[in-house]
Each structure stands twice: as C-alpha cells, then as structure tokens.
Amino acid sequence: QVQLVETGGGLVQAGASLRLSCAASGRTFSWYAMGWFRQAPGKEREFVSAISRSGGITYYVDSVKGRFTISRDNVKNTVYLQMNSLKPEDTAVYYCAAKYASYTTSSYYTRTYDYDYWGQGTQVTVSS
C-alpha cells in the first residue's frame, strides 16, 4: 500500500502561483511513476501532468504547458506541482496518483486507470 497526502492548495487570484506537494509513504517511492490530475465540479477527472520514476521524463496537458512544472524528490518521497500564472479555469480539486513501475525508469502515464493509488485531493480556487 502507498499512502498519498496532498497539501498546498488554496484560494488565490488570477496570475498568482501555488505549489502543491504530495507526500508518499508505505512503499519505495522511487518505484512509482507519479501524476497529477484535477477535477472541477460537474466534470470528469482530467490529467494534468506526469513524471517518470527517475524524474527525467515529464509530460503536461496542453492547457498547463509553460505554466506548471512537475518535479519529484526521491529522498523526501514527495512529488510537487508548481503552478504559475494561475487562471480561473484551473480551479479544481487536485489529486496526485502513483503508478507502480519498477520495470521502467522512463515511462509516464496519463490515464486515470493507469494509476494504482490516489490521494484525497487538495482544493485550488482561482478567482478572477
């Protein structure tokens, strides 16, 4: 089992920045590729960003490219999502997820059903 706890959400104005953190426990963090997803009210959960086990490969949905940066610290067992130039349409509950991938260090995953474990989510609200 892997436990994931997201922190760092909040209410900000458009143009502001937030840094989300997701702390993992329970298994060897470096065995897991990680991802961030978000879900706005009335909408399906959507992919935001992913990072490979090593951190060397990252991927973003087009709507956040150039504004969001995913990173990980395999010593601190934490994955981060730095969000800059926030827009009202970024408002959602943000979830981190872990995908067991001990057989590959360079893969990333973009589909919700790829992931094995999920956090409880953290609310991000961006006012205009």
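## Exercises: burial, salt bridges and strands

D114 counts as buried, at 11% relative accessibility. The model is predicted.

**Exercise 1.** Find the salt-bridge partner of D114. Then classify that partner by exposure.

*Solution.*
- Step 1. Look for a side-chain nitrogen of Lys or Arg within 4 Å of a carboxyl oxygen.
- Step 2. R111 meets this test, with closest N and O atoms 3.1 Å from each other.
- Step 3. Apply the accessibility cut-offs: buried is under 20%, exposed is over 50%, and partly exposed lies in between.
- Step 4. R111 has 42% relative accessibility, so R111 is partly exposed. D114, at 11%, is buried.

**Exercise 2.** Which residues are linked with R38 in a network of salt bridges? Describe the pairs and their burial.

*Solution.*
- Step 1. Recall the principle: oppositely charged side chains can pair when their charged atoms come close.
- Step 2. Take E46 and R38. Their salt bridge has an N to O distance of 2.6 Å. E46 is partly exposed at 34%, while R38 is buried at 6%.
- Step 3. Take R67 and D90. Their side chains form a salt bridge at 2.7 Å, N to O. This pair links distant parts of the chain, 23 residues apart. R67 sits in the loop between β6 and β7. D90 sits in the loop between β8 and β9.
- Step 4. Check burial. R67 has a relative accessible area of 10%, so R67 is buried. D90 is buried too, at 1%.
- Step 5. Join the pairs. The network consists of R38, E46, R67 and D90. The whole structure holds five salt bridges.

**Exercise 3.** Which side chains of strand β1 are buried, and which are not? Then find the partner strand of β1.

*Solution.*
- Step 1. Start from the rule that side chains in a regular strand alternate between the two faces of the sheet.
- Step 2. Apply the rule to residues 3–7. L4 and E6 point to one face and are buried. Q3, V5 and T7 point to the other face and are not buried.
- Step 3. Find the partner. β1 runs antiparallel to β3 (residues 18–25), joined by five bridges.
- Step 4. Fix the register at one point: T7 lies opposite S21 of β3.

**Exercise 4.** Is L81 buried or exposed? List some contacts beyond its sequence neighbours.

*Solution.*
- Step 1. Locate L81 in strand β8.
- Step 2. Its relative accessible area is 0%, so L81 is buried.
- Step 3. Skip neighbours within four places in sequence. The remaining contacts of L81 include L18, L20, W36, V48, F68, I70 and Y94.
- Step 4. Add S49, another contact. S49 and L81 are 32 residues apart in sequence, with C-alpha atoms 8.3 Å apart in space.

Note on methods:
Residues numbered from 1 in each chain as written. Predicted model: local features only at pLDDT ≥ 70, side-chain atom pairs only at ≥ 80, totals over all residues. Heavy atoms only, no water. Buried < 20%, exposed > 50% of the residue type's maximum accessible area, 1.4 Å probe, protein only. Helix = DSSP H or I, 4+ residues; strand = E, 2+ residues; numbered from the N terminus. Pairing = 2+ DSSP bridges. Contact = heavy atoms within 4.5 Å.
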